[in-house]
Structure formats: C-alpha cells, structure tokens
Amino acid sequence: MKPYIWLNNIKPTFTYKDLQGQGASSTGAEFTGVTKDPIFMSGKGYCKSTNSYVQIYSNNYLTFTPTNATITKIVLTATSGYIKTWSASEGTIEVSGDKATWTGSSTSTVTLTNTATAQARITQMDVTYTTSGSEEPEPVIVPTEEEVLATKPAYGVSQQEKMFVADDNYETETNRKYC
C-alpha cells in the first residue's frame, strides 16, 4: 500500500483586520462580512480601525456559512481575559483559557453568540472544514522507495529494466573521483 497525505481539515483564518472599521460602538451593528472561499463570515459587533480585535458585545454574534463544504471546527481566539461564555446554533462550544472552540458538523450557517454580560475581544477565527461531495478527499501520493528506481534506457540494458539512479553525492564505481 502506498503512503498518502489527506488534504482535508483546511483552515481559512479570519482576523480582526478583515472587519476593521465595521459595526458600531457600544451596541454593535451588522458586519458587511468577508468570504474566504468556501466560508462566508459575518456577524454583529464592532471593530474600530485602530483596535487589534473585534468587539462582540453581549448577545452579539458571529456567523460562519459554508458553500459546498462541511464546517467541523471553529476556534475563536481572544485577548487575555476577554472571552467568557458562548452558545451555538448547533454543535457544541466550550471556552478554555483565551479560546472558544465549536465542534460539530454543519453544511449550513453556524451562529456563535456571546452570552456573557461582558464583551469578547476576538483577534482570530479559525474555521476547519472538509469539502462536500465525497467522504474521503483525493489523496496525494507519496512515492515509495521502490518508485525511486527509474526506467532508463542505457547501453546493454533493456529499456524496461529498472535501475537505480544515484544522487551525485552517492559514491558509485562510475562517479568515483580519482586523484
């Protein structure tokens, strides 16, 4: 069996810079939103153009909408001490330290709501998803040691015979340096 690498668990990262200048102070307002294919992120809050975080006030929210993908994890990273309790429209969300982590499986909009009485200051939002249409994504084939052998025509050698092609740094009878 050939070794392979799965190309799933792709993570587009949204940051406060994606939302700078949007929303309204003290109560929050709808963000215009931003797309990092295939995820559209929007919500309600405030991001002053000079802040290095997005303020999500009490009962304000962030939404993540996939297109032809399944969201499996969302991690919200906050400034120290500025993330407390959250609820989710589906799946589960847990807060630990300066992160709130949502886990589930959703092909529709996931809404995360700040249920604390204080604002959350979110610096980064990482979304993990898999693409729709197949349970297992196409693997990337990693060549085995046997596949390093090359088929190469040479004098007195069949064109279909496999022969080892050595690296220039590998000492062989044909590339040995004599003084």
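**Notebook: core, fold and Gly 45**

I looked up the largest nonpolar core first: it has 28 residues, and those with the most contacts inside it are Phe 64, Ile 74, Leu 76, Trp 86, Leu 112 and Ile 122. I take a nonpolar core as a set of buried Ala, Val, Leu, Ile, Met, Phe, Trp, Tyr and Cys residues joined through side-chain atoms within 4.5 Å. Two or more residues of this core come from each of β6, β7 (54-56), β8 (61-66), β9 (69-78), β12 (99-106), β13 (110-114) and β14 (120-131).

The model is predicted: local features need pLDDT of at least 70, side-chain atom pairs count only at pLDDT 80 or more, and totals for chains, interfaces and linings use all residues. Residues are numbered from 1 along each chain as its sequence is written, and side-chain values use heavy atoms, with hydrogens and water left out.

I then listed the contacts (heavy atoms within 4.5 Å) of Ile 74. Setting aside neighbours within four places in sequence, Ile 74 touches Phe 64, Ala 100, Thr 101, Trp 102, Val 110, Leu 112, Asp 126 and Val 127.

For the whole protein I noted zero helices and 17 strands. Helices (H or I, at least four residues) and strands (E, at least two) are DSSP runs, numbered from the N terminus. Of the contacts with a separation of 6 or more, 62% join residues 24 or more positions apart. Of the 179 residues, 32% are buried, meaning under 20% relative accessible area with a 1.4 Å probe, protein chains only.

Last, I checked Gly 45, which lies in strand β6 (residues 39-47). Gly 45 is buried, at a relative accessible area of 0%. Its C-alpha atom is 5.6 Å from that of Gln 55, ten residues apart along the chain.

How values were computed:
Buried means under 20% relative accessible area, exposed over 50%, partly exposed in between (1.4 Å probe, protein chains only).
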